[in-house]
Amino acid sequence: MTASQEPKDVDAFILQQLELMLSQKGNRLNATNRKQRIAAAVHFETLSKNYTQLSVPAVAKRAGVSTATLYRLFPDDNALYEAGYNLGLQQYLDWLSYDFIHPNPLLRLTTLLDRRIQCWTRPKAMDALSPLYYMICDRDPNLYERATPGLKLSEDFWLGQFRKLKAEGYIDVEPDYYLIEVFWGPIECLHFYPRVLTDVPYVSETSRFEDCWRAVDEFLTLYGTPHFQTNRNKLNWDADLAAFRTTKSA
């Protein structure tokens, strides 16, 4: 994928994936193929509205099936909702494991951190969580097992990033879960928890990206090696922040 083809954000990435799934290639009469297209149609429709406003006829039309066929494959609204939600969750996880390659570790880690905060706190993500799904979660005895793969993927991803830093000689501590907590904690408390737990978003004095840059800067101030500091000054890595400054930036 070239730089010009690279999705600019999570919504562009997901839309790109859904358009591929809805292209109806392969055997349209195959039940698995139809289920996939219906799940893709559900998630596509919820990119502009939440699940409580979901229109079954609109989903069927976008998937290229009749409503009768849709209900044969998904016997009730809960099953339909689950299919769209699970597909969407997997696509979010695919986006969050989509690596960003850059020689500047400050820019690299900031971009990945900002991507996660943007993904889970943007209005579309919050609107997609309907009371129906909370009800499903409340009565789902396997919720822990359902959530575990996503948590494990996130943990493995960040451990991989820290191992890369260590291989580059920019940190010399052993990557572990504690290191993830130290890295994530400040920005999570600043942006994530207020938005998710209180529905009152934090308003940055500068920008979300600059908040993430400061969190990465503090992390590497604590754990960065002399080799990192030397390269930071020699290669003028801080200059990369200029492109993300806003009118509120000092």
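## Overall fold

Read along the sequence, the chain runs α-α-α-α-α-α-α-α-α-α-α-α. That amounts to 12 helices and zero strands. The model is predicted.

The chain has 250 residues, and 44% of them are buried. Its accessible surface comes to about 13500 Å². Carbon and sulfur atoms account for 57% of that surface. Among contacts with a separation of 6 or more, 68% join residues 24 or more positions apart.

## Helix α6

Helix α6 covers residues 105–121. Its 17 residues, at 1.5 Å a residue, should span 24 Å. The C-alpha atoms at its ends are 24 Å apart, so the model agrees with the expected value. At the N-terminal end, Asn104 acts as a cap. One of its side-chain oxygens lies 2.9 Å from the backbone nitrogen of Leu106.

How many of the residues of α6 are buried? The count is 16 of the 17, so the helix is largely enclosed by the rest of the structure. Two charged residues of this helix, Arg108 and Asp114, take part in salt bridges described below.

## Salt bridges from α6

Side chains of opposite charge can pair when their charged atoms come close. The structure holds 10 salt bridges. One of them joins the side chains of Glu168 and Arg108, at 2.7 Å from N to O. This pair links distant parts of the chain: Arg108 sits in α6 and Glu168 in helix α9 (residues 143–168), 60 residues apart. Arg108 has a relative accessibility of 3%, so it counts as buried. Glu168 is partly exposed, at 27%.

Asp114 forms a salt bridge with Arg208, and the closest N and O atoms are 2.6 Å apart. Here too the pair links distant parts of the chain, with Asp114 in α6 and Arg208 in helix α11 (residues 208–223), 94 residues apart. Is Asp114 buried or exposed? Its relative accessible area is 12%, and the cut-off for buried is under 20%, so Asp114 counts as buried. Arg208, at 30%, is partly exposed.

## Contacts of Asp114

Which residues does Asp114 touch beyond its neighbours within four places in sequence? They are Arg208, Phe209 and Cys212. Arg208 is also the salt-bridge partner of Asp114. Cys212 is buried, with a relative accessible area of 0%.

## Helices α11 and α12

Arg232 forms a salt bridge with Asp217, with the closest N and O atoms 2.9 Å apart. Arg232 lies in helix α12 (residues 226–234) and Asp217 in α11, so the pair ties together parts that are 15 residues apart in sequence. Arg232 is buried, at 10% relative accessibility. Asp217 is partly exposed, at 22%.

The pairing extends to a third residue. Asp217, Arg232 and Asp238 are linked in a network of salt bridges.

## Cysteines

How many disulfides does the structure hold? The number is zero. Cys189 has a relative accessibility of 51%; the cut-off for exposed is over 50%, so Cys189 counts as exposed. Cys212, by contrast, is buried at 0%.

Technical notes. Residues numbered from 1 in each chain as written. Predicted model: local features only at pLDDT ≥ 70, side-chain atom pairs only at ≥ 80, totals over all residues. Heavy atoms only, no water. Helix = DSSP H or I, 4+ residues; strand = E, 2+ residues; numbered from the N terminus. Expected span 1.5 Å × (residues − 1). Buried < 20%, exposed > 50% of the residue type's maximum accessible area, 1.4 Å probe, protein only. Polar contact = N/O pair within 3.5 Å; in protein donor to acceptor, adjacent residues only side chain to side chain. Contact = heavy atoms within 4.5 Å. Disulfide = S-S within 2.5 Å. Areas by Shrake-Rupley, 256 points an atom, 1.4 Å probe, with all protein chains shown as cover. Salt bridge = Lys/Arg side-chain N within 4 Å of Asp/Glu carboxyl O.
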